[in-house]
Amino acid sequence: MQGGGGGRGRLWVQGVASNTRTQYRNAMEEVAQFLSVRALELRNDEAQADLFGRSAFNRYYYAAYLITRDMLTDFDRNWRSTPHAKIPEILNGSVKKPINNFKRMVTKLGDSESISICSNAISGISELSNVLVSAYSIRVTADYDPDVLIEFGEGVSSFKLRSTSVGVARNWTEQARFLTGVVRRGWNLAHGS
Amino acid sequence: MDLDEIRREIAKFNLPLAGSVVPSPTVENCVLVSIYTIRDDRGRRSPSGKTLSELRGVIASYGADVEYLLIDEALSELEDGCRTSLVNSFPDIVRNSYTTVLDGVANVWVEKKRDISIEENTKIRELVDNISRVYKLRGAILRVTSDFRIATPTEFLRALRKIAPADCEDLDKELRTRNFSVPSLQWVNHRLDMLRKQGLIVRIAAGHYALTAVALQKLGTVKSRQSPDVIRLLALARRER
(Lines give C-alpha, C1' and ligand atoms only; values in the text may rest on other atoms or scores of the structure.)
Protein backbone atom coordinates (compact mmCIF):
# COMPACT_ATOMS: atom_id res chain seq x y z
CA MET A 1 0.00 0.00 0.00
CA GLN A 2 1.60 3.24 -1.18
CA GLY A 3 2.98 5.31 1.66
CA GLY A 4 1.46 3.01 4.25
CA GLY A 5 4.78 1.80 5.60
CA GLY A 6 4.83 -0.84 8.26
CA GLY A 7 5.46 -4.54 7.96
CA ARG A 8 3.64 -7.22 6.06
CA GLY A 9 1.48 -8.08 9.06
CA ARG A 10 0.12 -4.57 9.29
CA LEU A 11 -0.71 -4.45 5.56
CA TRP A 12 -2.58 -7.76 5.85
CA VAL A 13 -4.64 -6.49 8.78
CA GLN A 14 -5.49 -3.34 6.86
CA GLY A 15 -6.48 -5.36 3.79
CA VAL A 16 -8.84 -7.65 5.69
CA ALA A 17 -10.28 -5.01 7.99
CA SER A 18 -10.94 -2.25 5.45
CA ASN A 19 -14.15 -3.80 4.08
CA THR A 20 -15.41 -4.41 7.60
CA ARG A 21 -14.63 -0.82 8.57
CA THR A 22 -16.46 0.49 5.51
CA GLN A 23 -19.49 -1.65 6.22
CA TYR A 24 -19.53 -0.46 9.83
CA ARG A 25 -19.39 3.18 8.79
CA ASN A 26 -22.11 2.71 6.18
CA ALA A 27 -24.26 1.01 8.82
CA MET A 28 -23.69 4.00 11.13
CA GLU A 29 -25.05 6.34 8.44
CA GLU A 30 -28.04 4.08 7.89
CA VAL A 31 -28.79 4.20 11.60
CA ALA A 32 -28.51 8.00 11.56
CA GLN A 33 -30.90 8.15 8.63
CA PHE A 34 -33.35 5.82 10.38
CA LEU A 35 -33.25 7.95 13.54
CA SER A 36 -33.89 11.10 11.46
CA VAL A 37 -36.90 9.58 9.77
CA ARG A 38 -38.24 8.29 13.07
CA ALA A 39 -37.85 11.72 14.70
CA LEU A 40 -39.92 13.27 11.91
CA GLU A 41 -42.59 10.59 12.24
CA LEU A 42 -42.85 11.31 15.96
CA ARG A 43 -42.81 15.10 15.70
CA ASN A 44 -46.15 15.39 17.53
CA ASP A 45 -44.65 13.67 20.56
CA GLU A 46 -42.03 16.23 21.61
CA ALA A 47 -40.18 14.04 24.09
CA GLN A 48 -39.86 11.03 21.81
CA ALA A 49 -39.01 13.09 18.72
CA ASP A 50 -36.31 14.91 20.66
CA LEU A 51 -34.62 11.67 21.71
CA PHE A 52 -34.56 10.24 18.21
CA GLY A 53 -33.52 13.53 16.66
CA ARG A 54 -30.56 14.21 18.91
CA SER A 55 -29.39 10.62 18.51
CA ALA A 56 -29.34 11.19 14.75
CA PHE A 57 -26.91 14.08 15.21
CA ASN A 58 -24.78 11.87 17.41
CA ARG A 59 -24.63 9.09 14.81
CA TYR A 60 -23.85 11.47 11.93
CA TYR A 61 -20.97 12.86 13.97
CA TYR A 62 -19.62 9.37 14.70
CA ALA A 63 -19.81 8.37 11.05
CA ALA A 64 -17.65 11.38 10.10
CA TYR A 65 -15.34 10.76 13.06
CA LEU A 66 -14.81 7.11 12.10
CA ILE A 67 -13.93 7.99 8.51
CA THR A 68 -11.29 10.38 9.83
CA ARG A 69 -10.01 7.96 12.45
CA ASP A 70 -9.62 5.24 9.84
CA MET A 71 -7.47 7.55 7.77
CA LEU A 72 -5.32 8.48 10.77
CA THR A 73 -4.94 4.82 11.75
CA ASP A 74 -3.75 3.98 8.25
CA PHE A 75 -1.14 6.73 8.59
CA ASP A 76 0.02 5.70 12.06
CA ARG A 77 -1.67 2.99 14.10
CA ASN A 78 -0.79 4.85 17.32
CA TRP A 79 -3.27 7.53 16.27
CA ARG A 80 -6.19 5.14 16.54
CA SER A 81 -6.67 5.96 20.21
CA THR A 82 -6.50 9.76 19.79
CA PRO A 83 -9.23 11.45 21.89
CA HIS A 84 -11.97 13.04 19.81
CA ALA A 85 -11.11 16.59 20.77
CA LYS A 86 -7.43 16.09 19.87
CA ILE A 87 -7.97 14.94 16.30
CA PRO A 88 -7.82 18.48 14.84
CA GLU A 89 -4.47 18.92 16.63
CA ILE A 90 -3.08 15.75 15.00
CA LEU A 91 -4.40 16.80 11.61
CA ASN A 92 -2.96 20.31 11.78
CA GLY A 93 0.31 19.12 13.31
CA SER A 94 1.65 15.66 12.60
CA VAL A 95 -0.30 15.11 9.39
CA LYS A 96 0.22 18.55 7.89
CA LYS A 97 3.93 18.93 8.73
CA PRO A 98 5.41 16.23 6.46
CA ILE A 99 3.16 17.32 3.60
CA ASN A 100 4.33 20.91 4.05
CA ASN A 101 7.97 19.76 4.12
CA PHE A 102 7.45 17.67 1.01
CA LYS A 103 5.82 20.59 -0.77
CA ARG A 104 9.02 22.62 -0.23
CA MET A 105 11.05 19.81 -1.76
CA VAL A 106 8.92 19.45 -4.89
CA THR A 107 8.87 23.22 -5.32
CA LYS A 108 12.65 23.03 -5.82
CA LEU A 109 12.05 20.21 -8.30
CA GLY A 110 9.55 22.38 -10.19
CA ASP A 111 6.86 19.67 -10.01
CA SER A 112 3.62 21.66 -10.27
CA GLU A 113 1.42 18.54 -10.11
CA SER A 114 2.88 17.46 -6.78
CA ILE A 115 2.69 21.03 -5.49
CA SER A 116 -1.00 21.11 -6.36
CA ILE A 117 -1.67 17.79 -4.60
CA CYS A 118 0.16 19.02 -1.48
CA SER A 119 -1.70 22.35 -1.53
CA ASN A 120 -5.02 20.54 -1.84
CA ALA A 121 -4.08 18.21 1.01
CA ILE A 122 -3.06 21.10 3.27
CA SER A 123 -6.28 22.94 2.51
CA GLY A 124 -8.21 19.70 2.96
CA ILE A 125 -6.70 19.21 6.41
CA SER A 126 -7.91 22.64 7.53
CA GLU A 127 -11.39 22.04 6.15
CA LEU A 128 -11.65 18.55 7.61
CA SER A 129 -10.57 19.94 10.96
CA ASN A 130 -13.29 22.61 10.75
CA VAL A 131 -15.94 20.02 9.88
CA LEU A 132 -14.97 17.83 12.83
CA VAL A 133 -14.79 20.72 15.28
CA SER A 134 -18.19 21.97 14.22
CA ALA A 135 -19.72 18.48 14.28
CA TYR A 136 -18.15 17.72 17.67
CA SER A 137 -19.67 20.89 19.11
CA ILE A 138 -23.15 19.80 17.95
CA ARG A 139 -22.59 16.29 19.26
CA VAL A 140 -21.72 17.68 22.69
CA THR A 141 -25.00 19.57 22.66
CA ALA A 142 -26.89 16.45 21.58
CA ASP A 143 -25.34 14.28 24.29
CA TYR A 144 -24.87 16.63 27.25
CA ASP A 145 -27.35 19.52 26.91
CA PRO A 146 -30.76 17.86 27.24
CA ASP A 147 -32.34 21.25 27.93
CA VAL A 148 -31.57 22.29 24.36
CA LEU A 149 -34.36 20.64 22.41
CA ILE A 150 -34.72 19.64 18.79
CA GLU A 151 -36.78 22.16 16.79
CA PHE A 152 -38.97 21.15 13.91
CA GLY A 153 -39.37 23.53 10.97
CA GLU A 154 -42.50 24.56 9.12
CA GLY A 155 -42.01 21.84 6.53
CA VAL A 156 -42.05 18.16 7.41
CA SER A 157 -38.63 17.15 6.18
CA SER A 158 -36.19 18.72 8.61
CA PHE A 159 -35.32 19.56 12.17
CA LYS A 160 -32.55 21.48 13.89
CA LEU A 161 -30.42 21.40 16.96
CA ARG A 162 -29.05 24.80 17.93
CA SER A 163 -29.71 26.15 14.44
CA THR A 164 -27.83 23.26 12.77
CA SER A 165 -30.14 21.34 10.50
CA VAL A 166 -30.05 17.56 10.22
CA GLY A 167 -29.30 18.09 6.52
CA VAL A 168 -26.04 19.79 7.45
CA ALA A 169 -25.26 16.90 9.80
CA ARG A 170 -25.94 14.42 7.01
CA ASN A 171 -23.32 16.21 4.89
CA TRP A 172 -20.61 15.69 7.51
CA THR A 173 -19.93 12.13 6.36
CA GLU A 174 -19.75 13.07 2.68
CA GLN A 175 -17.45 15.94 3.52
CA ALA A 176 -15.25 13.68 5.63
CA ARG A 177 -15.16 11.08 2.87
CA PHE A 178 -14.19 13.65 0.21
CA LEU A 179 -11.63 15.44 2.31
CA THR A 180 -9.92 12.33 3.70
CA GLY A 181 -9.43 11.24 0.09
CA VAL A 182 -7.66 14.49 -0.68
CA VAL A 183 -5.53 14.27 2.46
CA ARG A 184 -4.62 10.63 1.80
CA ARG A 185 -3.34 11.53 -1.65
CA GLY A 186 -1.07 14.19 -0.20
CA TRP A 187 0.15 11.94 2.61
CA ASN A 188 0.93 9.04 0.26
CA LEU A 189 2.75 11.39 -2.09
CA ALA A 190 4.83 12.82 0.77
CA HIS A 191 5.68 9.37 2.17
CA GLY A 192 6.39 7.50 -1.07
CA SER A 193 9.85 6.21 -1.97
CA MET B 1 -10.48 28.81 32.91
CA ASP B 2 -14.03 28.65 34.33
CA LEU B 3 -15.98 27.22 31.42
CA ASP B 4 -19.40 27.49 33.07
CA GLU B 5 -18.90 31.18 33.85
CA ILE B 6 -17.72 31.83 30.30
CA ARG B 7 -20.77 30.04 28.92
CA ARG B 8 -23.04 32.22 31.08
CA GLU B 9 -21.36 35.37 29.80
CA ILE B 10 -21.70 34.20 26.19
CA ALA B 11 -25.41 33.46 26.75
CA LYS B 12 -25.95 37.13 27.69
CA PHE B 13 -25.03 38.16 24.14
CA ASN B 14 -27.97 36.14 22.71
CA LEU B 15 -25.94 34.94 19.76
CA PRO B 16 -27.32 32.24 17.42
CA LEU B 17 -25.00 29.48 18.58
CA ALA B 18 -24.42 26.57 16.20
CA GLY B 19 -23.17 24.25 18.94
CA SER B 20 -22.07 24.05 22.56
CA VAL B 21 -19.22 26.22 23.75
CA VAL B 22 -16.32 23.80 24.14
CA PRO B 23 -12.61 24.09 24.95
CA SER B 24 -10.54 24.59 21.83
CA PRO B 25 -8.86 21.34 20.75
CA THR B 26 -5.75 23.11 19.54
CA VAL B 27 -5.14 26.07 21.86
CA GLU B 28 -4.84 26.05 25.64
CA ASN B 29 -7.07 28.33 27.72
CA CYS B 30 -9.23 28.96 24.73
CA VAL B 31 -12.88 28.28 24.00
CA LEU B 32 -14.44 27.48 20.66
CA VAL B 33 -17.69 29.28 19.89
CA SER B 34 -19.66 28.23 16.80
CA ILE B 35 -22.01 30.98 15.61
CA TYR B 36 -24.45 31.17 12.76
CA THR B 37 -24.15 34.38 10.77
CA ILE B 38 -26.42 36.06 8.25
CA ARG B 39 -25.74 38.75 5.67
CA ASP B 40 -27.98 41.65 4.74
CA ASP B 41 -28.53 42.94 1.20
CA ARG B 42 -25.35 44.97 1.41
CA GLY B 43 -23.33 41.93 2.41
CA ARG B 44 -22.85 43.09 6.00
CA ARG B 45 -22.59 40.25 8.45
CA SER B 46 -24.51 39.79 11.70
CA PRO B 47 -23.36 39.39 14.43
CA SER B 48 -20.95 42.17 13.59
CA GLY B 49 -17.22 42.23 14.11
CA LYS B 50 -17.78 44.76 16.90
CA THR B 51 -20.03 42.37 18.80
CA LEU B 52 -17.57 39.53 18.42
CA SER B 53 -14.78 41.80 19.57
CA GLU B 54 -16.76 42.80 22.68
CA LEU B 55 -17.37 39.16 23.49
CA ARG B 56 -13.67 38.44 23.10
CA GLY B 57 -12.94 41.13 25.64
CA VAL B 58 -15.42 39.65 28.12
CA ILE B 59 -13.92 36.17 27.74
CA ALA B 60 -10.42 37.59 28.12
CA SER B 61 -11.42 38.95 31.54
CA TYR B 62 -11.75 35.29 32.60
CA GLY B 63 -8.20 34.59 31.46
CA ALA B 64 -9.23 32.83 28.27
CA ASP B 65 -9.11 33.42 24.55
CA VAL B 66 -11.80 32.56 21.98
CA GLU B 67 -11.80 30.95 18.53
CA TYR B 68 -14.87 31.71 16.45
CA LEU B 69 -16.27 29.26 13.95
CA LEU B 70 -18.63 31.39 11.86
CA ILE B 71 -21.15 29.47 9.82
CA ASP B 72 -23.28 31.17 7.21
CA GLU B 73 -26.56 29.24 7.18
CA ALA B 74 -27.65 30.65 3.83
CA LEU B 75 -24.48 29.34 2.29
CA SER B 76 -25.49 25.77 2.98
CA GLU B 77 -27.59 26.35 -0.13
CA LEU B 78 -24.39 27.39 -1.90
CA GLU B 79 -22.89 23.93 -1.67
CA ASP B 80 -25.97 22.26 -3.18
CA GLY B 81 -26.30 24.98 -5.79
CA CYS B 82 -22.65 24.74 -6.74
CA ARG B 83 -22.70 20.97 -6.99
CA THR B 84 -25.85 20.92 -9.12
CA SER B 85 -24.56 23.65 -11.43
CA LEU B 86 -21.18 22.03 -11.97
CA VAL B 87 -22.43 18.48 -12.46
CA ASN B 88 -25.19 19.57 -14.86
CA SER B 89 -22.99 22.01 -16.80
CA PHE B 90 -20.07 19.61 -17.16
CA PRO B 91 -21.54 16.11 -16.91
CA ASP B 92 -18.62 14.40 -18.64
CA ILE B 93 -16.02 16.14 -16.48
CA VAL B 94 -17.38 16.63 -12.96
CA ARG B 95 -18.04 13.56 -10.85
CA ASN B 96 -18.65 15.45 -7.62
CA SER B 97 -18.23 18.86 -6.07
CA TYR B 98 -17.99 20.18 -2.56
CA THR B 99 -17.90 23.80 -1.35
CA THR B 100 -17.05 25.59 1.88
CA VAL B 101 -16.76 29.26 2.67
CA LEU B 102 -14.09 30.78 4.86
CA ASP B 103 -13.98 34.48 5.55
CA GLY B 104 -16.18 35.28 2.59
CA VAL B 105 -14.17 33.24 0.07
CA ALA B 106 -15.55 30.01 -1.39
CA ASN B 107 -13.30 26.94 -1.60
CA VAL B 108 -14.82 24.94 -4.45
CA TRP B 109 -13.54 21.38 -4.80
CA VAL B 110 -14.19 19.57 -8.05
CA GLU B 111 -13.55 15.85 -8.46
CA LYS B 112 -12.98 15.21 -12.16
CA LYS B 113 -13.72 12.07 -14.15
CA ARG B 114 -10.89 12.58 -16.62
CA ASP B 115 -8.00 14.89 -17.47
CA ILE B 116 -9.24 18.29 -18.61
CA SER B 117 -7.86 20.88 -21.01
CA ILE B 118 -6.90 24.42 -20.05
CA GLU B 119 -9.99 25.66 -21.87
CA GLU B 120 -12.27 23.32 -19.90
CA ASN B 121 -10.60 24.39 -16.65
CA THR B 122 -11.24 28.02 -17.60
CA LYS B 123 -14.94 27.37 -18.23
CA ILE B 124 -15.33 25.67 -14.86
CA ARG B 125 -13.48 28.57 -13.28
CA GLU B 126 -15.87 31.08 -14.89
CA LEU B 127 -18.92 29.21 -13.59
CA VAL B 128 -17.47 29.13 -10.08
CA ASP B 129 -16.76 32.88 -10.23
CA ASN B 130 -20.33 33.56 -11.36
CA ILE B 131 -21.75 31.51 -8.51
CA SER B 132 -19.64 33.34 -5.94
CA ARG B 133 -20.92 36.67 -7.33
CA VAL B 134 -24.54 35.50 -6.99
CA TYR B 135 -23.91 34.70 -3.33
CA LYS B 136 -22.12 38.03 -2.79
CA LEU B 137 -18.84 36.43 -1.81
CA ARG B 138 -15.46 38.11 -1.96
CA GLY B 139 -14.13 35.44 -4.32
CA ALA B 140 -13.67 31.74 -5.00
CA ILE B 141 -10.77 29.29 -5.10
CA LEU B 142 -11.12 26.32 -7.43
CA ARG B 143 -9.43 23.07 -6.39
CA VAL B 144 -9.49 20.18 -8.84
CA THR B 145 -8.94 16.62 -7.64
CA SER B 146 -9.41 13.23 -9.24
CA ASP B 147 -10.37 9.78 -8.05
CA PHE B 148 -7.73 8.17 -10.26
CA ARG B 149 -4.05 8.19 -9.33
CA ILE B 150 -1.77 9.47 -12.03
CA ALA B 151 1.92 9.55 -11.06
CA THR B 152 3.25 13.05 -10.66
CA PRO B 153 6.72 13.79 -12.08
CA THR B 154 8.22 13.20 -8.61
CA GLU B 155 6.50 9.83 -8.28
CA PHE B 156 7.61 9.01 -11.80
CA LEU B 157 11.22 9.81 -10.89
CA ARG B 158 10.96 7.67 -7.75
CA ALA B 159 9.79 4.71 -9.81
CA LEU B 160 12.66 5.18 -12.28
CA ARG B 161 15.16 5.61 -9.45
CA LYS B 162 14.30 2.12 -8.19
CA ILE B 163 14.54 0.24 -11.50
CA ALA B 164 17.00 2.28 -13.61
CA PRO B 165 18.15 1.75 -16.26
CA ALA B 166 14.60 1.22 -17.54
CA ASP B 167 12.61 1.62 -20.74
CA CYS B 168 8.97 2.56 -21.33
CA GLU B 169 7.56 -0.88 -20.72
CA ASP B 170 9.59 -1.33 -17.51
CA LEU B 171 8.25 1.96 -16.19
CA ASP B 172 4.69 1.16 -17.20
CA LYS B 173 4.92 -2.08 -15.22
CA GLU B 174 6.55 -0.45 -12.18
CA LEU B 175 3.96 2.34 -12.05
CA ARG B 176 1.10 -0.15 -12.19
CA THR B 177 2.75 -2.16 -9.40
CA ARG B 178 2.61 1.02 -7.36
CA ASN B 179 -1.16 1.24 -8.06
CA PHE B 180 -0.96 4.22 -10.38
CA SER B 181 -3.23 4.62 -13.40
CA VAL B 182 -1.18 4.71 -16.59
CA PRO B 183 -3.18 6.21 -19.47
CA SER B 184 -0.94 4.73 -22.19
CA LEU B 185 2.67 3.98 -23.17
CA GLN B 186 2.55 7.20 -25.13
CA TRP B 187 1.90 9.04 -21.87
CA VAL B 188 4.94 7.35 -20.34
CA ASN B 189 7.03 8.42 -23.35
CA HIS B 190 5.77 11.96 -23.05
CA ARG B 191 6.71 12.06 -19.36
CA LEU B 192 10.18 10.74 -20.12
CA ASP B 193 10.67 13.37 -22.80
CA MET B 194 9.52 16.15 -20.47
CA LEU B 195 11.86 15.05 -17.66
CA ARG B 196 14.76 14.65 -20.06
CA LYS B 197 14.30 18.23 -21.27
CA GLN B 198 14.30 19.38 -17.66
CA GLY B 199 17.68 17.70 -17.15
CA LEU B 200 16.32 15.27 -14.57
CA ILE B 201 16.81 12.05 -16.55
CA VAL B 202 19.23 10.95 -19.23
CA ARG B 203 18.76 8.56 -22.13
CA ILE B 204 21.15 5.65 -22.23
CA ALA B 205 21.65 3.30 -25.18
CA ALA B 206 18.80 1.01 -26.35
CA GLY B 207 15.96 3.28 -25.20
CA HIS B 208 16.68 3.05 -21.47
CA TYR B 209 16.65 5.91 -19.00
CA ALA B 210 18.23 6.79 -15.66
CA LEU B 211 18.16 9.72 -13.24
CA THR B 212 20.77 12.44 -13.47
CA ALA B 213 22.85 13.50 -10.48
CA VAL B 214 20.75 16.67 -10.27
CA ALA B 215 17.54 14.66 -9.92
CA LEU B 216 19.07 12.33 -7.32
CA GLN B 217 20.23 15.29 -5.29
CA LYS B 218 16.85 17.03 -5.46
CA LEU B 219 14.90 13.89 -4.59
CA GLY B 220 17.14 13.32 -1.59
CA THR B 221 16.94 10.29 0.64
CA VAL B 222 15.69 9.25 4.09
CA LYS B 223 17.26 7.18 6.83
CA SER B 224 14.47 4.72 7.52
CA ARG B 225 13.00 1.40 6.40
CA GLN B 226 11.56 3.29 3.46
CA SER B 227 14.97 4.55 2.32
CA PRO B 228 15.02 4.70 -1.49
CA ASP B 229 18.67 3.63 -1.39
CA VAL B 230 17.73 0.38 0.34
CA ILE B 231 14.83 -0.16 -2.07
CA ARG B 232 17.19 0.42 -4.98
CA LEU B 233 19.75 -2.08 -3.64
CA LEU B 234 17.09 -4.72 -3.14
CA ALA B 235 15.79 -4.17 -6.68
CA LEU B 236 19.33 -4.55 -8.07
CA ALA B 237 19.86 -7.72 -6.06
CA ARG B 238 16.67 -9.23 -7.42
CA ARG B 239 17.74 -8.37 -10.93
CA GLU B 240 21.10 -10.12 -10.45
CA ARG B 241 19.41 -13.43 -9.61
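## Two chains, predicted model

Chain B has a radius of gyration of 26 Å, whereas a compact globule of 241 residues would have one near 18 Å. That radius is taken over C-alpha atoms, and the globule rule is 2.2 Å times the number of residues to the power 0.38. This is a predicted model: local features need pLDDT of at least 70, side-chain atom pairs count only at pLDDT 80 or more, and totals for chains, interfaces and linings use all residues. Residues are numbered from 1 along each chain as its sequence is written, chains are lettered from A and ligands numbered from 1 in the order in which they are written, and side-chain values use heavy atoms, without hydrogens and water.

### The chains in outline

Along its principal axes, the C-alpha atoms of chain B fill a box of roughly 80 × 45 × 25 Å. Chain B carries 38 positive and 33 negative charges, and their mean positions are 7 Å apart. Here Lys and Arg count as positive, Asp and Glu as negative, while His and the chain ends are not counted. Each charge is placed at NZ of Lys, CZ of Arg, CG of Asp or CD of Glu.

The elements of chain A run α-α-α-α-β-β-β-α from the N terminus on. Helices (H or I, at least four residues) and strands (E, at least two) are DSSP runs, numbered from the N terminus. The table sets out both chains.

| Chain | Helices and strands | Buried residues | Accessible surface |
|---|---|---|---|
| Chain A | 5 helices, 3 strands | 52% of 193 residues | about 8,700 Å², 52% from carbon and sulfur atoms |
| Chain B | 9 helices, 9 strands | 44% of 241 residues | about 13,100 Å², 51% from carbon and sulfur atoms |

Buried means under 20% relative accessible area, exposed over 50%, and partly exposed in between (1.4 Å probe, protein chains only). Accessible areas come from the Shrake-Rupley method with a 1.4 Å probe; for residues, only the protein chains shown count as cover.

Contact means heavy atoms within 4.5 Å. In chain A, 70% of the contacts between residues at least 6 apart in sequence join residues at least 24 apart. In chain B, residues 24 or more positions apart account for 52% of the contacts with a separation of 6 or more.

### Aromatic pairs

The whole structure holds 11 aromatic pairs over all chains. One of them is A:Phe57 with A:Phe159, an edge-to-face pair with 6.0 Å from centre to centre and 75 degrees between the planes. Rings of Phe, Tyr and Trp (its six-membered ring) pair if their centres lie within 6.5 Å; planes under 30 degrees apart count as stacked, over 60 as edge-to-face and the rest as tilted.

This pair links distant parts of chain A: A:Phe57 sits in helix α2 (residues 46–75), A:Phe159 in strand β2 (residues 159–161), 102 residues apart. A:Phe57 is buried, at 0% relative accessible area. A:Phe159 is buried too, at 1%.

A:Tyr61 and A:Tyr65 have ring centres 6.1 Å apart and planes at 15 degrees, so the pair is stacked. Both lie in helix α2 of chain A, 4 residues apart, about one turn of the helix. Both are buried. Ring pairs link A:Tyr61, A:Tyr62, A:Tyr65 and A:Tyr136 into a cluster.

### A glycine in helix α2

A:Gly53 is found in helix α2 of chain A. A:Gly53 is buried, with a relative accessible area of 0%. Beyond its neighbours within four places in sequence, A:Gly53 is in contact with A:Ala39, A:Ile150 and A:Phe159. From A:Gly53 to A:Lys96 there are 43 residues in sequence and 35 Å in space, C-alpha to C-alpha.
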